[in-house]
Amino acid sequence: MAEQAQFEELARQLSAVGAVKRDLGRILPPECPTGSAAVLTLLGRHGSMRMSKLAELLAVDMSVTSRHVAHVAERGWIERSPDPADKRSRILRLTPAGEATLAELSRRSTELLAERLGDWSDAEVDQLIRLMTRLRASFGDCRATAPHPRPAPGTAPAPDTAKPPAKAMAAVAPAARAPTPVDDVLEPTSTRTPA
């Protein structure tokens, strides 16, 4: 087990992650604040889902989730359709415009990280990914799950896409992941309402 001083230093270093999140937030387009980016990212990563599942993954209450969803729906980035299993619920899924916006967010975040971490080796980046994934799993982060397989843009989703993903951690080969912005950095825990 680590020493007390190591945990104190770790706490200091983790508090500095806010600077990384702020820089990633600054590169978002004005019409896509962090809450909207988080909605798109989660739908891109986990597939279609109910609003209640999205609220759980965002770690915010339903009223905040509803505002974020309304913001992205107004822009045509997601569609809300009746849930065949429960007509009172809606299933949220990305539209082609949402896929395009998500691809743009991914491009921007990838470019920023490539610029800032240009002097890091591939092995160092891989190590950081592994350790951050393990850290999140140690804290029971419900977002630290295997991405839901997504159909290619313009194709029908698999029949079980409304089901929540398994809670167990699974290793996912980078090539198997759907392109998303820096998933877990852009997923806010903030309740800021879209402008």
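In what order do the three strands form their open sheet? Let's start there, and then walk around the rest of the protein together.

Before the answer, one reminder: what you see is a predicted model. The sheet goes β1-β3-β2, and its pairing is antiparallel. Look at where that leaves β1, residues 49-50, and β2, residues 78-83: they stand at the edges with a single partner strand each, so one side of each has no neighbour in the sheet.

Now zoom in on β1 and β3. Strand β3 covers residues 86-94, and two bridges join it to β1, with the two running antiparallel. If you'd like a pair to find on screen, try Met49, whose bridge partner in β3 is Leu92.

Let's step back to the whole chain. Besides the three strands, there are eight helices. Reading from the N terminus, you meet the elements as α-α-α-β-α-α-β-β-α-α-α.

How much of the protein is buried? Of its 195 residues, 37% count as buried. As for contacts, take those between residues at least 6 apart in sequence: 67% of them join residues at least 24 apart.

Next, the outside. The protein exposes about 11300 Å², and 58% of that comes from carbon and sulfur atoms. One place to look is a nonpolar surface patch of about 240 Å², made by Phe7, Leu10 and Leu14. Leu10 sits in helix α1, which spans residues 4-15. Is Leu10 buried or exposed? Somewhere in between: Leu10 is partly exposed, because its relative accessible area is 38%, and the range for that label lies between under 20% for buried and over 50% for exposed.

Thanks for listening, everyone!

Methods. Residues are numbered from 1 along each chain as its sequence is written. This is a predicted model: local features need pLDDT of at least 70, side-chain atom pairs count only at pLDDT 80 or more; totals for chains, interfaces and linings use all residues. Side-chain values use heavy atoms; hydrogens and water are left out. Helices (H or I, at least four residues) and strands (E, at least two) are DSSP runs, numbered from the N terminus. Buried means under 20% relative accessible area, exposed over 50%, partly exposed in between (1.4 Å probe, protein chains only). Contact means heavy atoms within 4.5 Å. Accessible areas come from the Shrake-Rupley method with a 1.4 Å probe; for residues, only the protein chains shown count as cover. Two strands pair if DSSP finds at least two bridges between them. Patches are made of residues with over 30% relative accessible area and no salt bridge: like charges are joined within 9 Å, nonpolar side chains (Val, Leu, Ile, Met, Phe, Trp, Tyr) within 5 Å. A salt bridge is a side-chain nitrogen of Lys or Arg within 4 Å of a carboxyl oxygen of Asp or Glu.
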